[in-house]
Amino acid sequence: MVRRCTVSFKPFRVFVVGVGFFSLCFLMTSLGGQFSAKRLADSPFTMRTEVMGVVESRGVLRKISDMLEVIMKRMDSLSRLDNSSDARRLEELSSAINRIQPAGLVERIQAIAQNVSNMAVRVEQILQNSMAAGRGSDGSTGQCEVPRDPRYPDCPSKVEWMRSRWTSDPCYAFYGVDGSDCSFLVYLSEVEWFCPPLAWRNHTTPPTQKKNSSRRQAAFRTDLVSLLEQVGTGKESLSFMKRRIRRLAAQWATAAQRLDAKLDHRWREQKKILVHVGFLTEESGDVFSPKVLKGGPLGEMVQWADILTALYVLGHNLKISVSVKELQGFLGVPPGRGSCPLTGPLTFDLIYTDYHGLQQMKQHMGLSLKKYKCHIRVIDTFGTEPAYNHEEYATLHGYRTNWGYWNLNSRQYMTMFPHTPDNSFMGFVSEELNSTEKHNIKVNKVRNMAVVYGKEVSMWKVRGKEHFLQILHRYMEVHGTVYYETQRPPEVPAFVKNHGLLPQHELQTLLRKAKLFIGFGFPYEGPAPLEAIANGCVFLQPRFKPPHSSLNHEFFRGKPTSREVSSQHPYAEQYIGPPHVITVDFNNSEEFETAVKEIMRNQVDPYLPYEYTCEGMLERVHAYIQHQEFCGPPAPFPPQANGSQQAPWQQGGGSPFVTLPNTTLLGWAANASAAPCWPPLSALRLLVSEEGQSCVEACRVADLVCEAAFFRFVNNKEALVRLEVQCEAVESEVNHVFPAFSVPRRECGLQKDPLLFSCAGRSPKYRRVCPCRDYRRGQVALCRDCL
C-alpha cells in the first residue's frame, strides 16, 4: 500500500513542476512585449531607456521568480504528506489536490502577471519623466516639449495617444519610437504629419529625380509569354485566367497593331502599375478558385484576365499581386499591424484592385492610403454611386452599406458594363470571329436548338421555369451545361440534354450551333450573353416588373447603388436590342411563345459591340490611363475674381454657355476659357431633367450620356440663368441631387461638396441640371473628341 502510494505521488510532483515552468514561460511571454519593442540603434533616444529597461526587467522577473517560488513551496509541501499514513490521510490529500485546479491557478497567475505588467508600464513612465527632467533642450539629450501650434491642432492629442498606445503596434518601434516624447514628436512630424518639424532635427531632404527625366515610352506588346509567367500558379482561378489569355493572344496582338496605327504611333508615357486581385487572396477567403471547375461564377476572373492583358499589351510596367504578402512587399509596408505609413513614397502611378483589395490596403497602409488613394482604381462589377461613396453623407442619410463609403472620386470605380455613368466603364472582351467563322456559323446553325444560361444548379431554381421551358420544348431542342458530380440534378427537367460543365472551346462550339440562348433571370449582367450573341445566338431574357433593386430584391440589398434593373442583362437590352436580344415577360405565355416563334423565323448574324472587342478595350483603357487624373486638386470654377477683375469668360458680360445649332441644348462656347478637363468641354451638352428624373435618364432620352466630370462647370448661377431658371434664392448645400431647382418654390441649389456630384441622384421635388456629352457609336465610354 505504502509503496504504491509513493509511486502515485511522483507524477503529481512532475505535474507541479510542469505547472510552475509553464507559468514562468507564460508570464515571460506576457511581459515580453514590454521589452521586445526596445532595440538598440533604432533611434537617437534609445540608449538610456534601454539601460533602464534592463534594470526594470530584472526587477520584474525577480518578483515573478519570488512569487513562483512561494507557489512551488506550498504545493511541494502538500505533495510531501506522510506516505505511511492511513487511508484517511490519503483522502485528505486527494481532497486538497482537487481544491487546487490547474485552470484556476493559471487564471490567478495571469491576473498577477497583468498587475505586474501595468506596474511595469507606470514605472517606465516615471523613469522616462525623471530622465527627461535632466536633459537639455536640443532634443538629442534633452526634453522635448509638445508644441502648441495652431497650424498643427492635433499634435498634443496625437502625442497623448502615442504615450498610451505606442506599444500597440511594432511598426512604431520600427520607425524609432521608444516611449519618449522626443521620439513621439520625431515620428509625428517626419513619418506622419500631425506635428511641426523639430528645429534640432536635420531636415535636409535628398535630391529627388525629376519625373520628366524618368519618363519612358510605352510600346505595344504582342508577345504575352512574360505576362503568363507573372500571373503565377497554384490556384485554379489563375490557371483559368492563363488559359483565357493564351486563347485570345492572337486577337490581342492584332488589336494592338490596329490601335497603334489609329493613334498614328504617337508617344505614350509608360506607367508603373500594380494590380492587386484582392478577391483571390487567401485572406479574403478566395471563394472563387474552388468553384472554377464546378460551374461557379467566372465573370470576375474573365474581367481580371482581360484587364491584366490590356495593361500589359499597352506597354506599361506591370506588377501583379494575389496575396497580402506580395502586396506588402510591393508597397513597402513596415513590419507590424498596419498602423504606420509606408516606408517610402509610392512607386506606382496606378493601382488596380477590388473592394477586397481596398480593404486590405486600408489595413496595411495606415495614413498612406489617404495620401495615395487618388492612384487607386477599383474594379467594381455593379458600380458605386456618389451618395454611397461619401462616407459622412451616406451615414447621415441612410446610404451606408457594407461596400462604398471610401470617399473616392466616383470615376475611380470601374464597372463591367456601362450602366453607371458616375463611374468609369472598364469592361472585358469577347472572342471576335473572322469572316470564315461567321460564314460557317450561318451554314451550321440549327434553327430549333436552344441553350439555357445556367451552369450552377441554383440558377435553375426559378419558380415557374417548368411552364416556359415546356413551351420552349414544344418548338426547340433544349440543351444545358449544368455541373454535376454523380447524378443528374433533379432541378434540370428530363427533356433537357445536359452536357455538364464544358471547357470554353466546347461551349463555343455548342453556341455556334444553337439558335437561342435563354436566361432565367440570374445571374445578372454576366459575360455569357455577349459570347452567345457573338456566336450568332439570339438572347431571350425575362423582363422584370417591377425592376429589381436594393429596395425589393435580396441580391442587390447592401450594394452601393440605387440602380433599377429592368431585365437580366440591361446592357444587352439597351445597347444591343432586337433582333439579337429579345426581352419579354416570361409569366405571359402568349408573349413568350410569340417570341420563340419569331426567333425561329429570323436569321441573325453574329454581332459583337466594338467596346467588347480587344481593340475596343485597349482604346478605352489607353484613354483612361493617359487622360484621367485624380491626384491634382481641380481648379475652382468659376475662377474667383480678385477685386475688380473678372473671370476671363465674364469680360464683356458674356456667358460660357451657348445654344448649339439645330437644337435647344446648351454647349460650351468655343471662346470661353476654362481649366483643363477630360473629356474636353467641346463634348458638353447642358439640359434639365424632369421632376423625379435622374441625369442618367434625362441624358439617355436625348441620346446622350451623363458626364460627371462636367458638373463642376455647370454648378453655378450662370448655368441657371442661361437655362432660364427662375430662382428667388440660390443656396449651396451638401446634397447628391444638386445642382437642381424646384419650380413651385422657385428655389435653386448648388452643390457644396464635389464628391457628391451625381448623375444617378433623383428627387421628386427637383428638376436637375444635367451635364451630358456625346459619345462614339460602339464606344460609349468615350466622346467623339476623347482620343
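In this predicted model, E236 and R243 bring their side chains together in a salt bridge, with 3.4 Å from N to O. How exposed are these two? E236 has 26% relative accessibility and counts as partly exposed, and R243, at 39%, also counts as partly exposed.

That pair has plenty of company, as the count of salt bridges comes to 29. One of them joins E160 to R163 at 2.9 Å, N to O. Both residues sit in helix α5 (residues 155-165), three residues apart, or about one turn of the helix. In general, an α-helix has 3.6 residues a turn, so residues three or four places apart point the same way. E160 is partly exposed at 46% relative accessibility, and R163 is partly exposed at 32%.

Another salt bridge links R557 and E554, at 2.4 Å from N to O. Here R557 counts as partly exposed at 42% relative accessibility, while E554 is exposed, with a relative accessible area of 58%. There is also a network of salt bridges, made up of R258, K262, E615, E619 and R776.

Now for helix α11, which covers residues 249-262. Its 14 residues reach 20 Å from the first C-alpha to the last, close to the 20 Å expected at 1.5 Å a residue. Which residues of α11 are buried? They are Q251, W252, A253, A255, A256 and L259. These buried residues pack against α12 (299-313) and α24 (614-627). After α11 comes D264, whose phi is positive, near 60 degrees.

Next, the sheet. Six strands form an open sheet with parallel pairing, in the order β2-β1-β3-β4-β5-β6. At the edges are β2 (317-321) and β6 (424-425), each of which pairs on one side only. Helix α13 (residues 324-331) packs on this sheet and touches β1 (272-276), β2 and β3 (350-353). The direction of α13 makes about 145 degrees with that of β2. Further along the sheet, β4 (residues 376-379) and β5 (residues 413-415) run parallel and are joined by two bridges. The residue in β5 that acts as bridge partner of V378 is Y413.

Finally, the cysteines. The structure holds nine disulfides, and three of them are set out here.

| Disulfide | S to S | Torsion about the S-S bond |
|---|---|---|
| C374 to C631 | 2.2 Å | about 95 degrees |
| C695 to C770 | 2.1 Å | about -80 degrees |
| C727 to C748 | 1.8 Å | about -80 degrees |

With its torsion of about 95 degrees, the disulfide of C374 and C631 is right-handed. C374 lies in the loop between α15 (368-372) and β4, and C631 in the loop between α24 and β14 (657-659), so the pair ties together parts that are 257 residues apart in sequence. C374 is buried at 15% relative accessible area, whereas C631 is partly exposed at 32%.

The disulfide of C695 and C770 is left-handed. It links helix α25 (residues 695-701), home of C695, to strand β21 (residues 767-773), home of C770, across 75 residues. C695 is buried, with a relative accessible area of 0%, and C770 counts as buried at 0% too.

The disulfide of C727 and C748 is left-handed as well. C727 is in the loop between α27 (717-722) and β18 (729-733), and C748 is in strand β20 (residues 747-751), 21 residues apart. C727 is partly exposed at 28% relative accessibility, but C748 is buried at 4%.

What about C677? C677 is in no disulfide, and the nearest cysteine sulfur, that of C786, is 9.3 Å away. At 23% relative accessibility, C677 counts as partly exposed.

How values were computed: Residues are numbered from 1 along each chain as its sequence is written. This is a predicted model: local features need pLDDT of at least 70, side-chain atom pairs count only at pLDDT 80 or more; totals for chains, interfaces and linings use all residues. Side-chain values use heavy atoms; hydrogens and water are left out. Two strands pair if DSSP finds at least two bridges between them. Helices (H or I, at least four residues) and strands (E, at least two) are DSSP runs, numbered from the N terminus. Contact means heavy atoms within 4.5 Å. Axes are lines fitted to C-alpha atoms, for helices over the stretch in contact, and angles run from 0 to 180 degrees between N-to-C directions. A salt bridge is a side-chain nitrogen of Lys or Arg within 4 Å of a carboxyl oxygen of Asp or Glu. Buried means under 20% relative accessible area, exposed over 50%, partly exposed in between (1.4 Å probe, protein chains only). The expected span of a helix is 1.5 Å times one less than its number of residues. A disulfide is a pair of cysteine sulfur atoms within 2.5 Å.
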